[in-house]
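This report describes a single protein chain. The sequence and the model are shown first.

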Amino acid sequence: MKRFASALLLAGALCGAGAPAWAHRFHAGLADIAFNPQSGSVEVVHTYMAHDLDALLAAQAGRAVDMTRSEDEALLRKYIEERFYLLDKDKARLPLQWVGITVGVDSVIIYRELPATPLSRIAQVHDAVLMDVMPRQANTVNITRGGVTESLSFDSTTQERRLK
């Protein structure tokens with residue numbers, strides 16, 4: 001109960017400080033995509049600044065949010081699924097599944113996967129996370145294949161990129 005109260009207090013403080021949180025100059029997100037040979041799945045791990053997501057979700061919900069609560073995690077899930085997705089060669093969305101999140105004071109880490117899917121199925125990445133509310137948001141997607149990492153950059157003018 002004490003942890004919940006602390007988390008709620010933190011969420012409220014972050015939401016109350018919404019203007020300063022949105023006013024910092026550097027807005028960035030990171031997603032790492034890699035194949036897990038043990039599970040046979042493609043794993044996607046997103047990392048975003050907690051205060052950016054808190055402020056966004058609080059503005060959307062019209063109230064303080066606590067991403068450790070299932071209904072607020074559902075808000076985050078809907079938002080992320082609408083703005084980050086993977087496409088196959090026919091431009092069809094690949095069925096990324098939500099695994100869960102880790103919420104920290106400074107960052108939120110989101111775990112998703114494509115079960116029983118090789119990396120070769122991914123032809124394009126669409127990443128527009130936080131760009132609708134922060135025009136200077138810059139996201140990086142790292143895709144590791146065969147020990148080599150390809151980095152893709154996304155911003156408000158480029159939200160979709162083909163893999164090489």
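The text below covers the overall make-up, the sheet, the helices packed on it, the nonpolar core and the salt bridges.

## Overall make-up

The model is predicted, not determined by experiment. Its secondary structure consists of four helices and nine strands. Read from the N terminus, the order of elements is α-α-β-β-α-α-β-β-β-β-β-β-β. The chain has 164 residues, and 41% of them count as buried. Its accessible surface is about 8,700 Å², with 55% of that area belonging to carbon and sulfur atoms. Among contacts with a separation of 6 or more, 59% are between residues 24 or more positions apart.

## The six-stranded sheet

Six strands form an open sheet in the order S4-S5-S2-S1-S7-S8, and their pairing is mixed. Strand S4 (97–103) and strand S8 (148–154) are the edge strands, each pairing on one side only. On average, neighbouring strands of this sheet are turned by 15 degrees against each other when direction is ignored.

Three of the pairings can be described in detail. Strands of a sheet pair through backbone hydrogen bonds, in either a parallel or an antiparallel sense. S1 (residues 28–36) is antiparallel to S2 (residues 41–49), with eight bridges between them. With S7, S1 pairs in the parallel sense over seven bridges. S7 and S8 run antiparallel and are joined by seven bridges.

Individual residues mark the register of these pairings. Ile33 stands opposite Val44 in S2, and Ile33 also stands opposite Ile143 in S7. Asn139 has Phe154 in S8 as its bridge partner. The hairpin of S7 and S8 has two residues between the strands, and Gly146 in this hairpin takes a positive phi near 55 degrees.

## Helices on the sheet

H3 packs on the sheet and touches S2 and strand S5 (107–114). The direction of H3 makes about 85 degrees with that of S2. H4 lies across S2, S4 and S5, and runs at about 125 degrees to S4.

## The nonpolar core

In soluble globular proteins, nonpolar side chains tend to be buried together. Here the largest nonpolar core has 35 residues, and the members that touch the most others are Ile33, Leu76, Phe84, Leu86, Ile122 and Val125. Helix H3 (residues 50–61) supplies the largest share of this core, four residues.

What does Ile33 touch, leaving aside residues up to four places away in sequence? Its contacts include Val42, Glu43 and Val44, then Phe84 and Leu86, and further along the chain Leu119, Ile122 and Val125. Val141, Asn142, Ile143 and Thr144 complete the list. Two of these contacts, Val44 and Ile143, are the residues that stand opposite Ile33 in the sheet.

## Salt bridges

Side chains of opposite charge can pair when their charged atoms come close. The structure holds eight salt bridges. Three of them are listed here.

| Acidic residue | Basic residue | Closest N to O distance |
|---|---|---|
| Glu81 | Arg77 | 2.9 Å |
| Asp132 | Arg83 | 3.2 Å |
| Glu150 | Arg145 | 2.4 Å |

Where in the chain do Glu81 and Arg77 lie relative to each other? They are four residues apart in helix H4 (residues 70–83), so about one helical turn separates them. Glu81 is partly exposed, with a relative accessible area of 25%. Arg77 is partly exposed as well, at 37%.

The salt bridge of Asp132 and Arg83 joins separate parts of the chain. Asp132 lies in the loop between strand S6 (124–127) and strand S7 (138–145), whereas Arg83 lies in helix H4; the pair therefore ties together parts that are 49 residues apart in sequence. Asp132 is partly exposed at 44% relative accessibility, but Arg83 is buried, with a relative accessible area of 17%. Both residues belong to a network of salt bridges that links Lys78, Glu82, Arg83 and Asp132.

In the salt bridge of Glu150 and Arg145, the acidic partner is the buried one: Glu150 has 11% relative accessibility. Arg145 is partly exposed, with a relative accessible area of 29%.

Terms used:
Residues numbered from 1 in each chain as written. Predicted model: local features only at pLDDT ≥ 70, side-chain atom pairs only at ≥ 80, totals over all residues. Heavy atoms only, no water. Core = buried A, V, L, I, M, F, W, Y, C linked by side-chain atoms within 4.5 Å. Buried < 20%, exposed > 50% of the residue type's maximum accessible area, 1.4 Å probe, protein only. Contact = heavy atoms within 4.5 Å. Salt bridge = Lys/Arg side-chain N within 4 Å of Asp/Glu carboxyl O. Areas by Shrake-Rupley, 256 points an atom, 1.4 Å probe, with all protein chains shown as cover. Pairing = 2+ DSSP bridges. Axes fitted to C-alpha atoms, helices over the stretch in contact; angles between N-to-C directions.
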